[in-house]
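Thank you all for coming. I would like to take a few minutes to walk through one structure with you, beginning with the ligand and then moving outwards to the sheets.

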Amino acid sequence: MIEKFLPFALPCIGEEEINEVVDTLRSGWLTSGPKTKYFEEEFAKFIGTPHTLAVNSCTAGLHLALEAIGIQPGDKIITTPYTFTATAEVIRYLGAEPLFVDINSNTFNIDVEQIAKALETNDGIKAILPVHFAGQASNMDAILALAKQYSLKIVEDAAHALPTYYKGRAVGTLGDITVYSFYVTKTLATGEGGMIVTANSDYAEHMQALRLHGISKDVFNRSSSNVPAWHYDIIAPGFKYNMNDIAAALGIQQLLKVNNFLQRRTEIAEQYNQAFADLPMRTPYQHPDSTHAWHLYVIQLKLEELHIDRNTFIERMKEAGIGTSVHFIPLHLHTYWRERYNFKPTDFPVALDTYQRAVSLPIYPSMNNADVQRVIRQVKAILQGNL
Ligand SMILES: *Cc1c(COP(=O)(O)O)cnc(C)c1O
């Protein structure tokens, strides 16, 4: 019997989400409206932050964040090559330059010693943009200390980190601005969407205007009595980055389930950890300072002990009807980044080695125990058969 294909990732959409979307459709509010506002308020409570701004992607949110902290052409921002290109492309939107530094070989998060070295040898660095890889927080105390010492801003790419707690503090309450992704594969899915989080009201006000064409709402708030309702003022060449109420409807219901989702992903991760303990691989390292959101479960194959490479392993999984992925192809290997900065693959040796061994296994709440056992069986069969 051929088993049904088990996808690498699937959103977990129930009747609650469907009903909320239908309610939105019946309401007549399709774009940013009451649901977007409510989703922002509930998200703010969930993180424990004063300001939230719903946007149509994490990429858009990161762009607004860098604009808000005042990034100018030629500025440098320290970030990791072990990420999705969105993290770094937003730096280029503003004519600034990413300064990539290598990752820690255990957490695959940005290596703080490499950040310190870059700060000693480079001028013009204005910010640090860490990514909380797979759902585990970067070394934030060290990053916060360096930011203070060198007067830098911190914008966090928290696309994987909902929810993640660093030394008991929620990611989203640590740096200057934090941005989440609600892309279809993420731990909270609205199809497309994102949320900006900050404790700084000046940044929040600025991003609120830029999120929608540079329209300032304060003009209404400050003199509501003598400004007609149709009037508005443009304070900047803004963007079209607002979230719509259909996406927000999904977000409202997904947020109510986010802790249950985490519980299921954690169970799956624990089953994987146990089952894979004696196989030629490294299971994900768990740093004691951070919880793990388990957006991704990334194994590292011990290629020295195997007769197959990573790509063949993935091919065998696919033949067995199981979807996998690779997080990430480091940015310095991609044409644009390689050519712009003349990178060699070995410029970031830890990122390169991590990439060559990396396989992301399916981990999402709608996987049942049979699905999990099936993944375990196949991984074991392929690896034990190729020792
Ligand atoms: C998914 C992802 C993004 C982009 O999120 P969008 O909402 O699709 O813009 C950014 N950074 C990382 C690390 C991601 O995984």
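Let me start at the ligand, where a polar atom in the side chain of Asp157 lies 2.7 Å from a ligand nitrogen; please keep in mind throughout that this is a predicted model. His160 also brings a polar side-chain atom to 2.7 Å, but in this case the partner is an oxygen atom of the ligand. Thr59 has an N or O atom of its side chain 2.5 Å from an oxygen atom of the ligand. If we then ask how much of the ligand's accessible area the protein covers, the computed answer is 92% of the 390 Å² that the ligand has on its own.

Which elements give two or more residues to the shell around the ligand? They are the helix α3 and the helix α4, the latter spanning residues 86–93. The shell counts 15 residues, and Thr59, Asp157, His160, Ser181 and Lys186 are the closest of them. Sorted by class, six of the shell residues are nonpolar, seven are polar and two are charged.

Now to the sheets, and here one general reminder may help: strands of a sheet pair through backbone hydrogen bonds, and they do so either parallel or antiparallel. In this model, seven strands make an open sheet with mixed pairing, and their order is β1-β9-β8-β5-β4-β2-β3. Because β1, residues 51–55, and β3, residues 97–100, stand at the edges with a single partner strand each, one side of each has no neighbour in the sheet. On average, and ignoring direction, neighbouring strands of this sheet are turned by 25° against each other.

Within this sheet, β2, at residues 76–79, and β4, at residues 125–129, run parallel and are joined by four bridges, and Thr79 stands opposite Leu129 in β4. Helix α3, which I mentioned at the ligand, covers residues 58–68 and lies across β1, β2, β4, β5, β8 and β9, running at about 170° to β8.

There is also an open sheet of three strands, in the order β12-β13-β14, whose pairing is antiparallel. Its edges are β12, residues 281–282, and β14, residues 358–361; each has a single partner strand, so one side of each is left without a neighbour in the sheet. Between β13, residues 297–301, and β14 there are four bridges in the antiparallel sense, and Val298 has Ser360 of β14 as its bridge partner. Helix α10, residues 310–319, packs on this sheet, where it touches β13 and β14, and its direction makes about 20° with that of β14.

Terms used. Residues numbered from 1 in each chain as written. Predicted model: local features only at pLDDT ≥ 70, side-chain atom pairs only at ≥ 80, totals over all residues. Heavy atoms only, no water. Pairing = 2+ DSSP bridges. Axes fitted to C-alpha atoms, helices over the stretch in contact; angles between N-to-C directions. Contact = heavy atoms within 4.5 Å. Near = heavy atom within 4 Å. Polar contact = N/O pair within 3.5 Å; in protein donor to acceptor, adjacent residues only side chain to side chain. Areas by Shrake-Rupley, 256 points an atom, 1.4 Å probe, with all protein chains shown as cover. Nonpolar A, V, L, I, M, F, W, Y, C, P; charged D, E, K, R; others polar.
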